[in-house]
There are 2 protein chains.
Amino acid sequence: MYRTHTCGELRLSDAGKKVKLAGWVQRIRKFGKMTFVDLRDRYGITQLVFTEAMNQLLEEKPLNREYVIQAQGHVVERSNKNPNLPTGDVELVVEQFDILNEAKTPPFTIEEDTDGGDDLRMRYRFLDLRRPPLQRNLLLRYRASRAVREYLDQQGFVEVETPFLIKSTPEGARDFVVPSRMNPHQFYALPQSPQTFKQLLMVSGFDRYYQIVRCFRDEDLRADRQPEFTQIDCEMSFVEQEDVLQVFEGMMRHVFRQVAGVELPDPFPRMSWDEAMWKYGNDKPDLRFGMCLHNLKVRNQVHCPGVDKTGFGVLDQAETVLALVVPGGAIYTRKQLDELTEWVKRPQIGMQGLLHIRCQADALKSSADKYLTQERLQQIQQFCDAKSGDLILMLAGREDRTRKAAAELRLELGERLGLRQKDVFKPLWVLDFPLFEYSEEESLPGSVGRWVARHHPFTAPRPEHIPAMIENSPLIPPGTDYQDHPYAGIKANAYDMVINGQEVGGGSIRIFRRDLQEKMFAALGLSPEEARQKFGFLLGAFEYGAPPHGGIAFGFDRLCAILGGSDTIRDFIAFPKNNAGRDMMLDAPAPLDEAQLKELHICLRKDQN
Amino acid sequence: MYRTHTCGELRLSDAGKKVKLAGWVQRIRKFGKMTFVDLRDRYGITQLVFTEAMNQLLEEKPLNREYVIQAQGHVVERSNKNPNLPTGDVELVVEQFDILNEAKTPPFTIEEDTDGGDDLRMRYRFLDLRRPPLQRNLLLRYRASRAVREYLDQQGFVEVETPFLIKSTPEGARDFVVPSRMNPHQFYALPQSPQTFKQLLMVSGFDRYYQIVRCFRDEDLRADRQPEFTQIDCEMSFVEQEDVLQVFEGMMRHVFRQVAGVELPDPFPRMSWDEAMWKYGNDKPDLRFGMCLHNLKVRNQVHCPGVDKTGFGVLDQAETVLALVVPGGAIYTRKQLDELTEWVKRPQIGMQGLLHIRCQADALKSSADKYLTQERLQQIQQFCDAKSGDLILMLAGREDRTRKAAAELRLELGERLGLRQKDVFKPLWVLDFPLFEYSEEESLPGSVGRWVARHHPFTAPRPEHIPAMIENSPLIPPGTDYQDHPYAGIKANAYDMVINGQEVGGGSIRIFRRDLQEKMFAALGLSPEEARQKFGFLLGAFEYGAPPHGGIAFGFDRLCAILGGSDTIRDFIAFPKNNAGRDMMLDAPAPLDEAQLKELHICLRKDQN
């Protein structure tokens with residue numbers, strides 16, 4: 001036993017006790033003949049006092065930052081209590097101590113805030129993990145996983161472990177693969193998700209399955225996307241959409257209550273995909289603030305007469321004109337407005353410009369005064385429900401791009417106005433996604449373009465849309481508009497859970513009957529043979545009595561970051577990879593030696609183009 | 001909502017209720033105008049009754065085995081109650097039903113016992129998993145994982161997820177590797193265990209870590225060894241061996257209590273490695289029965305005069321003579337004894353023969369009567385503490401092989417005598433393993449042969465053996481016997497948990513101080529540079545304040561099999577691989593297409609020799 005207590009445990013009621021502590025030296029301060037040492041472990045910090053007699057020993061065995069020591073002595077009440085520390089009422093008067101291990105001076109400070117740069121901290125991740133914020137993050141992550149398990153267990157879910165060495169599928173993102181030594185020239189793949197396994201477990205009758213499980217995607221990495229990530233993966237049998245939504249918003253309420261002490265709404269608000277796109281410009285609206293889009297003109301349909309036939313090409317020629325109202329924004333300076341204009345012109349946003357209307361008490365002033373009469377400006381103000389003192393911002397262009405830009409601008413303004421608070425949580429369900437997307441790049445015989453699945457091809461349509469799917473051909477005859485095709489209106493029986501503008505989970509009710517599944521494959525242009533080749537054993541399994549089922553998967557890394565009020569997923573993963581997919585600490589990936597390659601029956605490809 | 005209750009839920013108190021059930025058709029029986037259907041789900045089986053009126057409907061929508069149906073009606077008390085079913089007091093009189101999905105006739109029966117062969121069941125694993133024994137196994141596995149988490153959580157352990165895409169190391173078993181697309185000609189490795197990460201987490205101050213985690217080893221597969229397996233991985237800081245043993249035998253008591261309703265002893269018995277080898281012939285003794293080895297002669301040292309200078313070459317020339325006593329075995333027939341002799345002569349055992357002594361009331365009768373006088377036989381009987389009616393079996397040969405054979409023979413006899421009961425659990429700790437093994441194949445300059453680490457090179461010696469290690473050179477000078485070298489007696493601060501003759505877990509206190517670690521590397525013939533190359537970042541981490549720490553890892557698949565009273569790990573894994581490392585259901589591994597290989601910068605090696 002190296003210790004009788006942890007460094008976070010001692011209280012005033014322990015005064016007088018003889019104790020032994022062990023931990024890391026956080027700080028050393030000398031006051032005359034006394035030395036004070038802050039001793040740290042996972043549980044907290046306790047102040048050690050080396051009195052004059054002990055001080056001599058300290059000179060023989062000098063301490064330094066991050067030394068691991070063991071100290072024995074009596075607990076006494078502090079004269080100058082530290083109310084910021086749970087142990088701040090007491091200190092340990094050291095009577096005996098040992099240096100258990102020395103430490104080189106760390107390359108950055110191990111404190112709440114550090115002076116280390118990103119790369120250095122990644123390389124010395126084991127030291128960065130000593131810092132209180134990262135310790136808190138990983139402990140939060142642990143509490144979150146416990147809360148998830150606790151809830152799902154109460155709901156009758158069973159965790160079943162699914163394999164990691166599986167088969168590569170041509171669908172979806174790229175697989176990471178593993179050459180087989182025992183089966184030459186054959187490869188396993190690492191799972192992008194346990195999707196097929198959880199559906200098989202429903203066929204097996206497990207009824208309610210979950211797993212907190214690592215998944216792998218070999219995608220080009222964007223900021224804060226990891227090649228391996230953790231998913232809360234769930235599936236239920238004999239359920240309809242409503243059952244799934246209730247179970248999993250219940251889970252999220254439980255997790256937020258347990259981990260963050262926050263009560264989420266009961267029930268969660270729900271919004272159709274159409275409404276989300278119309279009002280927020282994207283399918284994961286941040287509901288912490290309003291500032292909805294105003295749809296002045298959409299796909300050449302004018303909703304606000306103020307922008308109809310203005311004589312101003314920017315508006316008249318635009319397929320779509322959208323507006324945002326910035327409350328109190330009429331006081332924005334010319335410079336601020338120019339800066340916002342530059343912001344929307346950046347390539348990531350890609351707009352041509354930004355029109356504005358200042359709603360002042362006496363008049364409406366626009367950047368397009370030449371074309372927009374006071375009457376038009378009033379019509380726009382009225383349409384947008386803007387008040388005196390507000391600023392109206394208008395974007396014009398093709399619908400998809402303009403909507404996307406307006407959504408981004410809304411988030412940016414929300415950020416600047418401080419409306420996206422870290423400790424406010426606004427969840428919702430987004431429902432009724434289109435089941436299909438139109439692709440003009442691929443065609444089927446007798447069709448101009450074709451339908452592609454928005455989700456995976458086992459996603460069921462909404463029950464009321466099944467007849468439209470069964471009864472109609474998926475072909476889009478030449479000379480017709482795909483938007484008028486019956487399939488354009490078919491909605492998926494799918495759902496996304498969104499919190500604070502981030503998609504934290506998504507899933508669907510699955511197709512489990514053969515006739516509908518065959519229709520789906522036909523719509524996607526897959527012959528029964530091709531379908532069987534791609535989804536072989538799962539389709540086979542479905543022939544032996546598949547129950548109606550549906551499920552959902554949550555991105556656990558992101559959920560933890562949201563719970564911790566952070567945007568940085570990486571800070572909630574113990575050993576993350578950098579943006580090039582490298583582990584800086586391990587220096588992985590790394591070359592293999594020739595013997596290993598030979599054993600695996602592979603060689604390195606010379607032509608690196 | 002497809003159901004109001006599960007198929008395991010209805011009781012007599014529900015009689016009169018209108019309910020809806022959904023599940024699989026297990027059995028259909030017709031009695032005159034009535035039809036009885038057993039409806040099955042994960043929770044149980046409920047009997048459905050189709051009365052005469054409904055029977056007509058059944059003719060229009062005929063049911064078959066494994067059809068998924070939904071049935072609605074009233075719960076009534078059964079006249080012929082079935083006491084073997086929790087729902088056996090009631091039945092559901094069907095008033096309405098729907099076939100949710102049809103099913104092809106399964107290729108084997110979905111019952112407690114099945115008629116399907118191994119291969120067929122592996123290929124249709126999703127159907128085999130419907131059978132009650134496999135459902136029970138996976139539910140047991142889930143309960144076991146919950147019990148583990150529950151206990152470790154109470155003990156202050158934190159689950160931390162470690163990466164799967166790591167760096168290949170030249171030590172240990174073969175790694176599975178993953179070519180990197182973004183880092184051409186470089187490879188990740190899948191972890192054989194999170195060993196280095198858990199030690200890093202101790203350096204990071206996480207104090208108590210655990211993880212239930214998948215591990216990977218690309219070894220040649222033996223029966224019931226899987227390329228991917230699950231480990232309960234644990235590590236603690238500021239502990240000595242005693243602390244670790246107490247925490248983890250506590251865990252095992254908790255798990256057995258929760259999952260199997262079994263009380264394991266408190267404390268667990270402990271046995272040194274020397275004693276285990278001496279008394280049981282191996283380091284994982286099955287303590288469900290006695291029948292210890294009797295060491296008549298060991299490495300030419302005679303312990304029982306009965307076998308000294310007998311004139312019988314088999315005994316006199318043997319380095320070691322061991323005996324086992326079969327209680328009541330004097331009645332074994334000639335044929336039975338011949339069969340046992342053949343058994344020890346099989347190549348897996350590799351003995352030349354088996355001597356026996358029948359201890360009969362009137363006389364001792366031996367297969368070597370010519371050399372073994374009655375006096376000698378009495379000396380042997382006395383040494384072995386054999387009673388009248390017992391049988392003494394003797395093996396002779398080189399110590400290692402003879403001990404191994406005697407251990408195998410002991411287990412075989414225990415099995416035949418029914419002494420290895422599935423529902424009896426005998427745990428123990430095996431301690432004080434040798435830290436080093438002698439290798440005559442490799443040598444260091446100035447040494448004849450050299451020492452190799454029995455465990456990994458971070459395993460600490462027992463504290464009292466540290467001086468012997470620090471103060472002595474690892475070199476074995478020519479002309480000296482390695483068995484007399486001080487390193488031969490150094491014991492590791494390591495521990496294995498054994499239950500019923502199976503190693504369920506093992507671990508050690510780690511070396512955390514640089515001087516000792518350097519001595520260890522020197523003993524293993526690694527220069528500081530070589531050591532740094534092999535264990536780079538971990539050694540680096542140890543320089544920044546590593547606490548004393550130790551840990552353990554349990555094989556979770558095997559633990560579940562033991563808890564379930566089975567020898568077959570595969571039956572406790574949802575989707576196992578066969579002995580060739582193939583997933584028969586997925587048909588994985590499988591070839592990749594050329595485009596994928598190209599993206600990964602690898603090609604297939606032509607020379608397949």
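In which helix of chain A is Phe556(A) found? In this predicted model, the residue belongs to helix α15, which spans residues 556-563 of chain A. That helix makes a convenient starting point for a tour of the structure, beginning with the chain as a whole.

Chain A contains 609 residues, and buried residues make up 57% of them. Its secondary structure amounts to 16 helices and 24 strands. Taken along the principal axes, the C-alpha atoms occupy a box of roughly 95 × 75 × 55 Å. Contacts in chain A often span long stretches of sequence: among those between residues at least 6 apart, 67% join residues at least 24 apart.

Helix α15(A) is mostly covered, with seven of its eight residues buried. These are Phe556(A), Asp557(A), Leu559(A), Cys560(A), Ala561(A), Ile562(A) and Leu563(A). The cover over them includes two helices of chain A, α4 (132-154) and α6 (241-260), together with the strands β10 (228-237), β21 (494-499), β22 (502-509) and β23 (549-555). Phe556(A) itself is buried, its relative accessible area being 0%. Apart from neighbours within four places in sequence, Phe556(A) contacts Arg141(A), Ala144(A), Ser145(A), Thr230(A), Gln231(A) and Ile232(A), and also Glu161(B) from the other chain.

Arg558(A), also in helix α15 of chain A, offers a contrast. With a relative accessible area of 30%, Arg558(A) is partly exposed, because the range for that class runs from 20% to 50%. Once neighbours within four places in sequence are set aside, the contacts of Arg558(A) are Gln502(A), Glu503(A) and Ile569(A).

Beyond the helix, Gly564(A) lies in the loop between α15 and α16 (594-599) of chain A. Gly564(A) is partly exposed, at 35% relative accessibility. Not counting residues within four places in sequence, Gly564(A) is in contact with Leu140(A) and Phe572(A). The C-alpha atoms of Gly564(A) and Val259(A) are separated by 9.3 Å, although the two residues are 305 apart along the chain. Gly565(A), which follows α15(A), has a positive phi, near 65°.

Annotation adds another layer to this region. An unreviewed UniProt entry carries a "binding site" annotation covering Arg217(A), Asp218(A), Glu219(A), Gln226(A), Glu503(A), Gly555(A), Phe556(A), Asp557(A) and Arg558(A). From this set, Phe556(A) is part of the lining of the largest cavity. A further "binding site" annotation in the unreviewed UniProt entry covers Glu171(A), Arg217(A), His455(A) and Arg510(A). Of these, His455(A) sits in the loop between β20 (450-453) and α12 (466-471) of chain A. His455(A) is partly exposed, at 26% relative accessibility. Residues up to four places away in sequence aside, His455(A) touches Phe433(A), Pro434(A), Ala492(A) and Ala494(A).

The contact between Phe556(A) and Glu161(B) leads on to the relation between the chains. Chain B is superposed on chain A by a rotation of 180° with 0.0 Å of shift along its axis, at an RMSD of 0.1 Å. The two copies are therefore related as by a two-fold rotation axis. Of the interface residues of chain B, 99% are also interface residues in chain A, so the copies meet through the same surface. In the interface, 128 residues of chain B are in contact with 127 residues of chain A. About 11,600 Å² is buried between the two chains, 57% of it on carbon and sulfur atoms. Phe238(B), Tyr544(B) and Arg605(B) supply 8% of the area that chain B buries against chain A, more than any other three residues.

Ser168(B) gives a view of this interface at the scale of single side chains. Its place is in the loop between β6 (158-159) and β7 (177-179) of chain B. Ser168(B) counts as buried, because its relative accessibility of 18% falls under the 20% cut-off. The side chain of Ser168(B) makes a polar contact across the interface with the side chain of Gln596(A), at 3.3 Å. Within chain B, the side chain of Ser168(B) makes another polar contact with the side chain of Asp175(B), at 2.8 Å. Not counting residues up to four places away in sequence, Ser168(B) touches Leu592(A) and Gln596(A) in chain A, and Asp175(B), Val177(B) and Ala189(B) in chain B.

Key. Residues numbered from 1 in each chain as written. Chains lettered and ligands numbered in written order. Predicted model: local features only at pLDDT ≥ 70, side-chain atom pairs only at ≥ 80, totals over all residues. Heavy atoms only, no water. UniProt positions renumbered as here; feature names shortened; annotations may be inferred. 1 Å grid on protein atoms, 1.4 Å probe; cavity = no way out; pocket = protein on both sides within 12 Å on 5 of 7 lines; lining within 4 Å. Helix = DSSP H or I, 4+ residues; strand = E, 2+ residues; numbered from the N terminus. Buried < 20%, exposed > 50% of the residue type's maximum accessible area, 1.4 Å probe, protein only. Contact = heavy atoms within 4.5 Å. Least-squares fit on C-alpha atoms with pLDDT ≥ 70 in both. Polar contact = N/O pair within 3.5 Å; in protein donor to acceptor, adjacent residues only side chain to side chain. Buried area = accessible area lost by both parts, 1.4 Å probe.
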